[in-house]
There are 2 protein chains.
Amino acid sequence: MPPASRTTPHPRPMRADARRNYDRILAAAAEAIAEHGAEASLEEIARRAGVGSATLHRHFPSRQKLLEAVFHDKVEVLCATAAELAADPDPGHALATWLGAVARHVVSNRGLATSLMLGAHDSDPAVGATCHAMITNAGANLLDRACRANTARPDVSITDLLTLVNAICLAVEQEPDGAAQVDRLLTLMLTGVRPAGETANRRR
Amino acid sequence: MPPASRTTPHPRPMRADARRNYDRILAAAAEAIAEHGAEASLEEIARRAGVGSATLHRHFPSRQKLLEAVFHDKVEVLCATAAELAADPDPGHALATWLGAVARHVVSNRGLATSLMLGAHDSDPAVGATCHAMITNAGANLLDRACRANTARPDVSITDLLTLVNAICLAVEQEPDGAAQVDRLLTLMLTGVRPAGETANRRR
DNA sequence: GTACGATATGGAGGGCCACCCCGTTTTGCA
DNA sequence: TGCAAAACGGGGTGGCCCTCCATATCGTAC
């Protein structure tokens, strides 16, 4: 999310060189984060982008801001998915499907979890464009529907669910067999530990 | 867990000054971690303990090792609790109670989560004394009993449960109202999201 | 096409940190 | 009491994040 894009006329449309560097930094950050996770060195990102560290800091005053910019597109995809699923005839299934999609995105984009969770507190509350706000709004509808259809407990908030999803992904992030684990834990979370009658083979 | 204590005769019983410094570092680390969390500066810990930073590194080659040493006692408490609960007539309740206790310890000891989770992979597998191994073993019995009593699904491993508990605590660690959240999420996890009939007031 | 002010840049430097080398001190045993 | 082995810690190295400010670049008005 370039602060002032060319298409949306803002106070100052952002100079060409500034925009170029902005994009370079974003690309470099995406690479670095994919390799080293959300803790990737900001200096190395600047180095990769071929800009000075000061430039990086000017464009992204905090690591959080950079993460949000890097993942903005992916979060938009998730929001779009939520919008589509809102038409699903089975609200419970829609919610579960969407949470699964969120989880999949998070595990395959190291750092996304951090990006989604943080910013709930420290960032400017006026900006509804933070990853956190976007995803929360997108999920709220799905949960509401599921709740009204009586396939979700009414005392559960979308924040709860997203926190759990993120928590699972975070916890599993450094496990070797990540993705597989997430699926199990996620369904486990959704169905609960209590008995269910049916049986399956024991793992680990 | 001093590598070689005075009571348990080891290869070399550890010199007096070494033991003294070891204990000082441990105490200083406990303080620092309580204040600043698991990311506390190692140099500051050394400074507090009145030793050189090299000494700290000699005793604890990695941050992980230090965390494990600091939390070793608390983990032992949890293991003891597990042993007691093994006598509980209601295995399902025992398991839930214990997981709650684990969560409470984790939230009230910043860094414990990290200590419990890590070390599953990077530490010497021969050493069964890591926090991770200790807690896993302690919980396995409780889960087994619950499973046999048909109050826990057989396809759930203790690793799953502990991962989830830790995940919740990690995710909530930087929330302002931490402890309260953990309770909700934990019970949510244990009962699952699926409808249950009963109602409660909606939060957030 | 040019000149000029606003804007953006990046290298240098400060403060902090983890980690290691190696000369010095302490310890415990004979 | 002497002495080798063990432990110590100051200081060096390299990395990190972040800021300052002299310099280079851009967009525009003429």
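Helices here are DSSP runs of H or I with at least four residues, numbered from the N terminus. The exercises below concern a predicted model.

**Exercise 1. Determine which helix supplies the largest share of the surface near DNA strand C, and describe the make-up of that surface.**

Solution.
1. Count the surroundings: 25 residues surround DNA strand C, and the closest are Arg15(A), Asn21(A), Arg58(A), Arg15(B) and Ala16(B).
2. Consider the strand's side of the contact: sugar and phosphate make up 63% of the atoms of DNA strand C that come within 4 Å of the protein.
3. List the helices that each supply at least two residues: α1 (16–36) and α3 (53–59) of chain A, with α1, α2 (42–49) and α3 (53–59) of chain B.
4. The largest share, five residues, comes from α3(A).
5. By residue class, the surface divides into six nonpolar, nine polar and ten charged residues.

**Exercise 2. Identify the protein atoms that lie 3.2 Å, 3.0 Å and 2.9 Å from phosphate oxygens of DNA strand C.**

Solution.
1. At 3.2 Å, the partner is a polar backbone atom of Gly52(A).
2. At 3.0 Å, the partner is an N or O atom in the side chain of Thr55(A).
3. At 2.9 Å, the partner is a backbone N or O atom of Ala16(B).

**Exercise 3. Locate the largest nonpolar core and describe the surroundings of Leu66(B).**

Solution.
1. The largest nonpolar core has 119 residues. Those with the most contacts inside it are Ile45, Leu66 and Trp98 of both chains, together with Val75(A).
2. Helix α4 (residues 63–85) of chain A gives this core its largest share, ten residues.
3. Apart from this core lies another, of six residues, including Met117(A), Met117(B), Ala167(B) and Ala171(B).
4. With neighbours within four places in sequence set aside, Leu66(B) is in contact with Ile25(B), Leu26(B), Ala29(B), Leu42(B), Ile45(B) and Phe60(B).

**Exercise 4. Decide whether Ala34(B) is buried or exposed.**

Solution.
1. Ala34(B) is found in helix α1 (residues 16–36) of chain B.
2. The cut-off for exposed is over 50% relative accessible area.
3. Ala34(B) has a relative accessible area of 57%, and is therefore exposed.

**Exercise 5. Compare the span of helix α9(A) with the expected value, and find its packing partners.**

Solution.
1. Helix α9 (residues 178–191) of chain A has 14 residues; from first C-alpha to last it reaches 20 Å, close to the 20 Å expected at 1.5 Å a residue.
2. Among its buried residues are Val182(A), Leu185(A), Leu186(A) and Met189(A).
3. The buried residues of α9(A) pack against α5 (91–108) and α8 (158–172) of chain A, and against α8 (158–172) and α9 (178–191) of chain B.
4. Gly192(A) follows α9(A) and has a positive phi, near 90 degrees.

How values were computed:
Residues numbered from 1 in each chain as written. Chains lettered and ligands numbered in written order. Predicted model: local features only at pLDDT ≥ 70, side-chain atom pairs only at ≥ 80, totals over all residues. Heavy atoms only, no water. Core = buried A, V, L, I, M, F, W, Y, C linked by side-chain atoms within 4.5 Å. Buried < 20%, exposed > 50% of the residue type's maximum accessible area, 1.4 Å probe, protein only. Contact = heavy atoms within 4.5 Å. Near = heavy atom within 4 Å. Polar contact = N/O pair within 3.5 Å; in protein donor to acceptor, adjacent residues only side chain to side chain. Nonpolar A, V, L, I, M, F, W, Y, C, P; charged D, E, K, R; others polar. Expected span 1.5 Å × (residues − 1).
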